[in-house]
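Here is a walk through one protein model and the ligand it holds. Take a look at the picture first, and then we'll go through it piece by piece.

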Amino acid sequence: MRIVLLGAPGAGKGTIAKLLTDYDGSVQISTGDILRGAVKAGTELGKKAQGYMDRGELVPDSLIMEIMESRLQEPDCKKGFLLDGFPRTIPQADALKKMLQKLNLKLDLVANIEVPKEVILDRLTTRRTCSNANCQEIYNIKSKPPTPDGKCKKCGSPVIQRADETVEAITKRLETYNEKTAPLIDYYRKEGFLKIIASTSSDEVVSGIKKAIKGKSAE
Ligand code: ADP
């Protein structure tokens, strides 16, 4: 299946993508994870992206499209992919459309995950992330804490608060989302791919997406 996950920061896209990859073997592609990996590794891409990310601004479309052009052509995408955090702007969505046409692929579904603003703010300030660029497991100090000494339960690396999870950066990320990314909801509604799923429970969101996919494949 080829799915785009839309939703504000903190809506749970990453968690849901991970649950869905276990279900149908498609690969999760998170531009945020790729960028954080590049920053940590100190690559040219990382150096260009870091300032934008720390301020809670979007990284320029041209850099993102460079990443995605090559990523979508890797062999693990053949079984399907879940795009998490991409596209984030109308130009990115247009570029994705062209790229998929070129690769002769079609999207199956765009799922918009709706979560109330208070929940989002609470989640983002209590969220912690594994610092290992290859793991990036997500924790929450209230609902899913790491080990008592702050280590990742999967890989043992320190679990940290992201640089863009200060109140200022979070506020900026939410503003950026409303201005640049929310218009994609209408964009994909017009394209006929949109499924809205309003829930704060990741299990409920996952079953909603599975149901929508089954409905599509029965068409
Ligand atoms: P969240 O969805 O929680 O905001 P992400 O991990 O998806 O977090 O993204 C973190 C940061 O990486 C964003 O604030 C932005 O700076 C950058 N980023 C990720 N994906 C994109 C994208 N598709 N376009 C532009 N910037 C991006």
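**Strands, ligand and cysteines**

Let's start with one pair of residues: T129 stands opposite I160, which sits in strand β7. Keep in mind as you look that this is a predicted model.

T129 belongs to strand β5, which covers residues 127-130. What does β5 pair with? On one side there's β7 (residues 159-160), joined to β5 by two bridges, with the strands running antiparallel. There's also β6 (residues 138-140), joined to β5 by three bridges, and that pair runs antiparallel too. To find the β6 pairing on screen, look for R128, which stands opposite Y139 in β6.

Put those pairings together and you get an open sheet of three strands in the order β6-β5-β7, with antiparallel pairing. The edge strands are β6 and β7, since each of them pairs on one side only.

Now for the side chains of β5. In a regular strand, side chains alternate between the two faces of the sheet. Are the faces of β5 buried or exposed? Both are covered: R127 and T129 are buried on one side, and R128 and C130 are buried on the other.

Next, move to strand β1, residues 2-6, which is joined to β4 by four bridges, with the two running parallel. If you want landmarks for that pairing, V4 stands opposite V110 in β4, and I3 stands opposite L109 in β4. β1 also has a partner in strand β3 (residues 81-84), and here the two pair in the parallel sense over four bridges. V4 is a handy marker again, as it stands opposite L83 in β3.

Why is β1 called largely enclosed by the rest of the structure? Because five of its five residues are buried. You can check this face by face: R2, V4 and L6 are buried on one side, while I3 and L5 are buried on the other.

Follow the pairing onward from β1 and you come to β4 itself, residues 109-114, which is mostly covered, with five of its six residues buried. β4 has a further partner in strand β8 (residues 194-198): five bridges join the two, and they run parallel. Here the residue to look for is N112, which stands opposite I196 in β8.

One more strand is worth a stop. S30 lies in β2, which spans residues 27-30. S30 counts as buried because its relative accessibility is 7%, under the 20% cut-off. Its side chain has a partner as well: the side chain of S30 reaches the backbone nitrogen of D33 at 2.9 Å.

On to the ligand. How many residues surround the ligand? There are 19, and the closest are T31, R36, E57, R127 and R173. You've met R127 already, as one of the buried residues of β5. The largest share of this shell, four residues, comes from helix α2, which spans residues 31-41. Sorted by class, the shell has eight charged residues, seven nonpolar ones and four polar ones.

Some of the contacts are easy to pick out. A nitrogen atom of the ligand lies 3.0 Å from a backbone N or O atom of V59. Oxygen atoms of the ligand come into play too: one lies 3.1 Å from a polar side-chain atom of R88, and the side chain of R162 has an N or O atom 3.3 Å from an oxygen atom of the ligand. How much of the ligand does the protein bury? Taken alone, the ligand exposes 540 Å², and the protein buries 96% of that.

Last, the cysteines. A disulfide is a covalent bond between the sulfur atoms of two cysteines. How many disulfides does a search of the whole structure find? It finds zero. Take C135 as an example: the closest cysteine sulfur is in C152, 3.8 Å from the sulfur of C135, so the two are too far apart for a bond. The cut-off used for a disulfide is 2.5 Å. C135 counts as buried because its relative accessibility is 18%. C77 is buried as well, with a relative accessible area of 6%.

Technical notes. Residues numbered from 1 in each chain as written. Predicted model: local features only at pLDDT ≥ 70, side-chain atom pairs only at ≥ 80, totals over all residues. Heavy atoms only, no water. Near = heavy atom within 4 Å. Polar contact = N/O pair within 3.5 Å; in protein donor to acceptor, adjacent residues only side chain to side chain. Areas by Shrake-Rupley, 256 points an atom, 1.4 Å probe, with all protein chains shown as cover. Nonpolar A, V, L, I, M, F, W, Y, C, P; charged D, E, K, R; others polar. Buried < 20%, exposed > 50% of the residue type's maximum accessible area, 1.4 Å probe, protein only. Pairing = 2+ DSSP bridges.
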